[in-house]
Amino acid sequence: MVQPVNKHRGRVFLVGAGPGDPGLLTLRAAECLRTADLILYDYLVNPRILAQAAASAEQVCLGRHGHGRILSQAEINARMIAAANQGQQVVRLKSGDPLIFGRAGEELAALAAANIRVEIVPGITAAVAAGAYAGIPLTHRDLASAVALITGQESSDKDTAAIDFAALAKFPGTLVFYMGVTTAQHWAAALIAAGKSGDTPAVVLRRCSWADQTLFHSTLQEVAAEMAARHVRPPVLVIVGEVARQAPVCSWFVERPLFGQKILVTRAADQARSLIERLEMLGAECLIQPVIEIGPPADWRPVDAALERLDEFAWIVFSSANGVQSLLSRLFSQGRDARDLRGAQLAAIGPATATELAKFHLRADLQPAEFRAEALAAALQERVSGKKCLLIRASRGREVLREHLQAAGATIEQVVVYSSTDVLASAPEILSALENEEIGWITVTSSAIARSLVAMFGERLRKTKLASISPITSATLREFHHEPAVEATEYTMEGLITAICARTAPAH
């Protein structure tokens with residue numbers, strides 16, 4: 001008799017992560033990751049996808065060939081069941097789709113036997129993604145009316161092979177082989193022996209949807225030898241059939257301006273997202289290593305005192321988006337709102353700061369054409385003589401605004417509304433990637449970041465290229481004898497991206 005499911009137990013989610021591109025993760029998969037207590041993930045899952053998880057979630061990689069011990073399927077099953085019995089929400093995160101060559105059948109059977117509740121969250125399987133990212137129509141009105149997904153690695157426990165190569169040789173459509181690198185000589189020869197032409201086109205696609213995706217054209221009779229000659233390593237899909245002739249030399253995916261570029265983003269973790277999304281949209285692979293941390297000020301009392309006297313100030317001057325967010329969040333947390341600012345005009349150093357003001361339904365009265373402190377001071381000088389100004393700032397930074405505005409006859413009060421502190425140590429995988437010259441670019445978006453980068457990586461920075469957001473940031477890098485490879489002409493994140501794209505564009 002089947003025992004009823006214990007509703008007080010946890011639950012297991014078999015979740016598809018897609019083939020690699022974090023943008024292909026489903027909304028439901030992201031929800032599951034955010035609420036998970038334990039995540040058991042395949043090594044092929046993009047680390048950027050794991051960023052969806054809560055900081056409190058335990059994350060366990062199940063192993064990789066040649067990189068330590070690999071957990072057996074029995075051990076994975078036992079770990080899922082034990083965690084669920086303890087009331088945990090468990091995500092079993094699989095590359096691609098959990099039900100396509102993902103051994104989900106064995107896991108479902110084990111979970112059912114243990115009376116564990118299960119939800120299956122589909123993902124985009126690699127074959128479907130391969131068609132899109134390689135520009136190959138897997139079905140075609142004239143060339144292929146069906147698609148077959150075939151494993152190149154059958155279970156060693158089987159007494160006889162289950163793949164009917166005679167049927168596949170006559171199959172009226174496209175054949176897509178998963179996990180077929182080491183067995184290519186066998187399955188290709190078996191298809192030819194069964195009657196399929198050795199001249200049938202084949203496309204080999206490695207690391208589909210990743211920033212280092214590679215593709216080459218071959219034929220059924222040559223594909224095994226060509227993969228061996230190129231030392232092709234998994235993960236690989238091989239698409240066999242007449243539709244493979246449709247594959248362009250360069251697909252939309254690899255034609256993006258930053259394709260193949262690995263970029264280290266160094267902004268504080270909660271601020272890096274928009275920059276990373278933009279870089280990835282242009283084809284880059286992004287690594288994340290915050291070198292500064294943004295937090296509350298050491299003492300809120302000076303801020304609160306200034307908030308009580310907002311009617312004294314003719315101008316409130318914001319030199320960063322962080323300052324806007326911190327000051328106004330503090331104001332709103334006290335049960336007050338934007339009406340308290342009605343007596344003051346607002347100045348923003350640049351578009352990002354003005355955009356942050358707009359999130360609070362406030363419009364900047366002044367924004368300089370050039371996005372730096374000197375330009376903001378110059379724009380304010382003729383407007384502040386004899387007036388009182390409140391400068392919103394970080395725990396560290398230049399004194400340019402205060403000095404210039406005081407010289408212009410303003411009375412200045414400064415308040416520190418957020419702290420900026422250095423991160424003292426790099427993640428080991430980032431240090432290794434930099435040491436091995438795998439990182440093409442590092443973004444440097446402030447002088448504080450420049451100083452912290454030098455402290456963290458030292459001479460290793462010479463193994464990559466530095467992208468500076470402004471002349472001030474470049475000057476700080478040069479203080480430590482590091483020359484930026486590019487400098488933005490517009491001192492914004494978009495300007496920084498434009499500068500990197502211009503440098504990486506092929507010469508004509």
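**Note on a buried arginine and two sheet regions**

1. In this predicted model, Arg 267 has a relative accessibility of 18% and therefore counts as buried, the cut-off for that class being under 20%. The residue belongs to the loop that connects strand E11 (262-265) with helix H9 (273-281).

2. The surroundings of Arg 267 can be described through one polar contact and a set of neighbours. Its side chain comes to 3.1 Å from the backbone oxygen of Gln 271. When residues up to four places away in sequence are set aside, Arg 267 touches Ala 272, Leu 275, Pro 290, Thr 445, Ile 449 and Met 493.

3. Turning to the open sheet, 5 strands are arranged in the order E13-E17-E16-E14-E15, and their pairing is mixed. The edge positions are taken by strand E13 (292-295) and strand E15 (345-348), and because each of these has a single partner strand, one side of each remains without a neighbour in the sheet. On average, and with direction ignored, neighbouring strands of this sheet are turned by 25° against each other.

4. Within that sheet, strand E16 (residues 388-394) and strand E17 (residues 411-422) are paired in the parallel sense, with 7 bridges between them. A reader who wishes to locate this pairing in the model may look at Ile 392, whose bridge partner in E17 is Val 415.

5. Which strands does helix H11 touch as it packs on the sheet? Helix H11 (residues 321-333) is in contact with E13, strand E14 (315-318), E16 and E17, and its direction makes about 100° with that of E17. Helix H14 (residues 400-407), for its part, lies across E14, E16 and E17, and runs at about 175° to E17.

6. Strand E8 (residues 201-206) deserves a separate comment, since 5 of its 6 residues are buried and the strand is therefore largely enclosed by the rest of the structure. E8 runs antiparallel to strand E9 (residues 214-219), to which 6 bridges join it, and Val 203 has His 217 as its bridge partner in E9. E8 also runs antiparallel to strand E10 (residues 236-240), here with 5 bridges, and the bridge partner of Arg 206 in E10 is Val 236.

7. As general background to the pairings listed above, strands of a sheet pair through backbone hydrogen bonds, and they do so in either a parallel or an antiparallel sense. For this model, the parallel case is illustrated by E16 with E17, while the antiparallel case is illustrated by E8 with E9 and by E8 with E10.

Definitions and conventions:
Residues numbered from 1 in each chain as written. Predicted model: local features only at pLDDT ≥ 70, side-chain atom pairs only at ≥ 80, totals over all residues. Heavy atoms only, no water. Pairing = 2+ DSSP bridges. Helix = DSSP H or I, 4+ residues; strand = E, 2+ residues; numbered from the N terminus. Axes fitted to C-alpha atoms, helices over the stretch in contact; angles between N-to-C directions. Contact = heavy atoms within 4.5 Å. Buried < 20%, exposed > 50% of the residue type's maximum accessible area, 1.4 Å probe, protein only. Polar contact = N/O pair within 3.5 Å; in protein donor to acceptor, adjacent residues only side chain to side chain.
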